[in-house]
Structures are given as structure tokens and as C-alpha cells.
Amino acid sequence: MTDRPVDDEALEEPPTEDPPVEDDRSTWQRLREGRRDRLAAALIGVLTLLLGFAFAVQVRSTGTPEALAGAREEDLVSILDDVNAREERLREQISEQRTALEQLTDSDSQGATALAEAQQRATALGILNGTIAAEGPGITLTVLDPDGTVPPSALLNAIQELRGAGAETMQVDDVRIGVSSAVTGTAGDLRIDGQAVQAPYTVVAIGSAQDLATAMGIPGGVSALVRREGGEVRIEQSDEVVVDALRVLDEPQYAEPDDGG
């Protein structure tokens, strides 16, 4: 048997190529990995925003941004939870403060109302006892006494009739009339609470002008009495008269406030 030389090219193995299936599989894997990377990137972006908010709040509250620079993700999440808890506590505190403010406002309103009522009562009492000037509708009654013949009783009747007709306060000349006022003296020399008054006597009274004028004109009343004594009465109604003469109250010698004990 004759040996034949072996062809080197025949002995060489043809080059192997990767199967197409493996190429397709690698492409699919790359697509999946790319999609997963994009999803991870989106999640990381959202987390970054949240952590950024946590950073801002925490830095603002603590003032130590260096301490957060190297914090782990778990630590940052914990910080964010703590910030949320703080926010909730702050909301609760704000709600409590609003409730307290509303209660305080109600108390202030009630106190202001009580104070206003007390001031109104004090003003009313001051007008009644003659320590406060007053104005309002009423009449000006002028008693003419040219001959000095009008007696004290005529002026006293006028004061009493005006009170009976609803006069809330009044003055005669410059003397404020109080609950204990007295008219004394003699015709032509009248005195009210010890102070001399001169004719013509001017009486200013606050109340219903119509009622006060009617009371002065009753037949057989004040006007008739003054005319019978030689005097004359003139009545002028007005929407606004002023009673500005003031009384000085005496200090009580024996009475003192009751403490309610």
C-alpha cells in the first residue's frame, strides 16, 4: 500500500460560527437588560426626588448637610419617615393652637360684651344721678317771673311733673336735678340744693318731647299754676337738647360695698 501525502488544507477544520439562535438570545437579553435599566433609572429618579425633599427638610431643621452626604439609603428613608412624623405632629399642634385661639377669642368676645354692658350701666347710672352730661330729645321750659312772685312750689311742681312724664334727666339753670334735689327759698329768691337760681328759670329736660310738653300743658297743672302766680311758661320741643350741669356726689360716711361674704 503506497502512502500518499496528506493535504494540509484537507486536515484543517472549517471555522465554527455561533448559531443564529444564540445571537437572537443575546439580543433579547440585551433588550431586557436595557428595559430593566430604564425602569431602575426611573425609580432611582423618583427616589432621588423624595430623598432630595428629605435632604432639604432635614438640612433646614438640623443645619448639618455634611452629615447627610454619606448617609445610606436606609438612613435617608428613616430620615424621611421622621420628617413625615414631625409634619404630622406640627399639624396637630397647629390644630390645637387654632382651637385654643378660638376659645380665647370666644372668651375675649364674652369679656368684651360684659365690659360693654357694664359701661352702659355705668353711663345710665351716671346720667340718672347727674354725674355725666347727656343729650337727646326733650324740651326747654322757661318760667318767666317779671314781678318775682312765683313761689318755690311752682318750680318744684314743674320738676315733679317732668319726672312723672318720663324725663330721664334735667337741669334748672346751672343746677343738675338729682333724686334728692330740693327747691327752697321764697318767691323771687329761689334755691335748688342750696344754690341760688335767677328768673327767668330755664328747665332743660331729656325725654319724649311730646309727652313732656303735654304734661306741662295739662289744665290746672304747672302752666296754670305759674300764670296764677303772675308768671308765664314757654315750652320749646327739640330733637336734641343738652343737659351738661353736673352734680358732685357726697362720699358715704357709713355705707360701704358689700363683699357678698
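These questions and answers cover the sheets, a helix pair and a salt bridge in a predicted model.

Local features need pLDDT of at least 70, side-chain atom pairs count only at pLDDT 80 or more, and totals for chains, interfaces and linings use all residues. Residues are numbered from 1 along each chain as its sequence is written, and side-chain values use heavy atoms, with hydrogens and water left out.

Reader: Which strands stand at the edges of the open sheet of 5 strands?
Author: Strands are DSSP runs (E, at least two residues; helices are H or I, at least four), numbered from the N terminus. Two strands pair if DSSP finds at least two bridges between them. The order is S3-S2-S7-S1-S8, with antiparallel pairing. Each edge strand has a single partner, so one side is left without a neighbour in the sheet: these are S3 (175-176) and S8.

Reader: Which residue stands opposite Gln171 in S7?
Author: S2 (residues 169-172) and S7 (residues 201-206) run antiparallel and are joined by 4 bridges. In S7, the residue opposite Gln171 is Val204.

Reader: What angle does the direction of H5 make with that of S2?
Author: Axes are lines fitted to C-alpha atoms, for helices over the stretch in contact, and angles run from 0 to 180 degrees between N-to-C directions. Contact means heavy atoms within 4.5 Å. H5 packs on the sheet, touching S1 (134-144), S2 and S7, and its angle with S2 is about 165°.

Reader: How are H5 and H6 set to each other: roughly parallel, roughly antiparallel, roughly perpendicular or oblique?
Author: H6 spans residues 209-216, and its axis is 9 Å from that of H5, at an angle of about 140°. Angles under 35 degrees count as roughly parallel, over 145 as roughly antiparallel, 65 to 115 as roughly perpendicular and the rest as oblique. H5 and H6 are therefore oblique.

Reader: Which residue of S6 is the bridge partner of Ile192?
Author: The open sheet of 3 strands has the order S4-S5-S6. S5 (residues 189-192) and S6 run antiparallel, joined by 3 bridges. The partner of Ile192 in S6 is Gln195.

Reader: How many residues apart in sequence are the parts tied together by Asp193 and Arg247?
Author: Their side chains meet in a salt bridge at 2.7 Å, N to O. A salt bridge needs a side-chain nitrogen of Lys or Arg within 4 Å of a carboxyl oxygen of Asp or Glu. Asp193 lies in the loop between S5 and S6, and Arg247 in the segment after S8 (232-243), so the pair ties together parts that are apart in sequence by 54 residues.
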